[in-house]
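Colleague: I'd like a close look at a single part of this model, please. Take your time and tell it as one connected story.

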Amino acid sequence: MSKKDFWLYNLFRHQAAGITATAIDFGITIFLTETFLLWYGYSNATGAFLGAIINFFISSFWAFKGSKNKLKNQMYKYAIVSTGSLILNTVLVVLLTDSALHFDYRVSKVITAAIIAWTYNFLLMRNYVFKK
């Protein structure tokens, strides 16, 4: 497999893992906000945290299988990257929702998730957490 094909293969698997984790993240966020009337900022942080846990296991054992980093090292690095992602995610959702734009929190979450997934998360997961 060429280097370009391998990169695309990693990108596809990372996105598949991300879609699964995002579905869980969004489901939890909307459930907590709509059912328990929890402020969307807290719901978002909770959903992002639980989605990150799911994403770690899918990424570690499938998307980036064969990483030269040991599992304990992956967990440590993933925790660092995920903390940054959770902070970026929550701040951007709150800013887009509470700013002059006044997006619905769900629209803010979709915009934020797309930006973070294709930039921050993929690059750091591939080149730092699950480095080959």
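Modeller: Lining the second largest pocket are F49, A52, I53, F56, F57, M75, Y78, A79, S82, T83 and L86. The elements that supply two or more of these lining residues are α2 and α3, and α3 contributes the most, with 6 residues. Helices here are DSSP runs of H or I with at least four residues, strands are E runs of at least two, and both are numbered from the N terminus. Please keep in mind that this is a predicted model, where local features need pLDDT of at least 70, side-chain atom pairs count only at pLDDT 80 or more, and totals for chains, interfaces and linings use all residues. Residues are numbered from 1 along each chain as its sequence is written, and side-chain values use heavy atoms, with hydrogens and water left out.

The volume of this second pocket is about 200 Å³. A pocket is found on a 1 Å grid over the protein atoms alone: it is an open set of points where a 1.4 Å probe fits, with protein on both sides within 12 Å along at least five of seven lines, and lining residues have an atom within 4 Å of a point. Grid points are joined across faces, edges and corners, and the volume is the space filled by probe spheres set on the points. By character, the lining splits into 9 nonpolar residues, 2 polar and no charged. In that count Ala, Val, Leu, Ile, Met, Phe, Trp, Tyr, Cys and Pro are nonpolar, Asp, Glu, Lys and Arg are charged, and the others, Gly among them, are polar.

Let's follow α3 from here. Its 28 residues should span 40 Å at 1.5 Å a residue, and its end C-alpha atoms are 39 Å apart, which agrees. That expected span is 1.5 Å times one less than the number of residues. Among the buried residues of α3 are Y78, V81, S82 and S85. Buried means under 20% relative accessible area, exposed over 50%, and partly exposed in between, using a 1.4 Å probe and protein chains only.

Two of the pocket's lining residues, S82 and Y78, deserve a visit. S82 counts as buried because its relative accessibility is 14%. Setting aside neighbours within four places in sequence, S82 is in contact with A52 and M125, where contact means heavy atoms within 4.5 Å. Y78 also sits in helix α3, and its 5% relative accessibility is why it counts as buried. Beyond residues up to four places away in sequence, Y78 touches A52, N55, F56, M125, V129 and F130.

Those contacts lead to the largest nonpolar core, whose 12 residues are L11, A17, A52, F56, A63, F64, Y78, V81, F122, M125, V129 and F130. The elements giving two or more residues to this core are α1 (3-35), α2 (40-63), α3 (71-98) and α4 (105-129). Such a core is a set of buried Ala, Val, Leu, Ile, Met, Phe, Trp, Tyr and Cys residues joined through side-chain atoms within 4.5 Å. In soluble globular proteins, nonpolar side chains tend to be buried together. A52, F56 and Y78 belong to this core and also line the second largest pocket.

Two other core members show how the helices meet. V129 touches S67, N69, Q74, K77, Y78, V81 and L124, leaving out residues up to four places away in sequence. A63, in helix α2, is buried, with a relative accessible area of 3%. Leaving out that same sequence window, A63 touches N10, R13, H14, A17 and I58.

Further along α3 we find L92, which counts as partly exposed because its relative accessibility is 29%. Outside its neighbours within four places in sequence, L92 is in contact with T112 and I116. L92 and I116 are 24 residues apart in sequence and 9.8 Å apart in space, C-alpha to C-alpha. In the loop between α3 and α4 comes H102, which has a positive phi of about 50° although it is not a glycine.

For context, the largest pocket holds about 410 Å³ of space. Of its 24 lining residues, G18, T22, D25, N55 and N121 lie nearest its centre. α1, α2, α3 and α4 are the elements that give two or more residues to that lining, which divides into 13 nonpolar, 10 polar and 1 charged.
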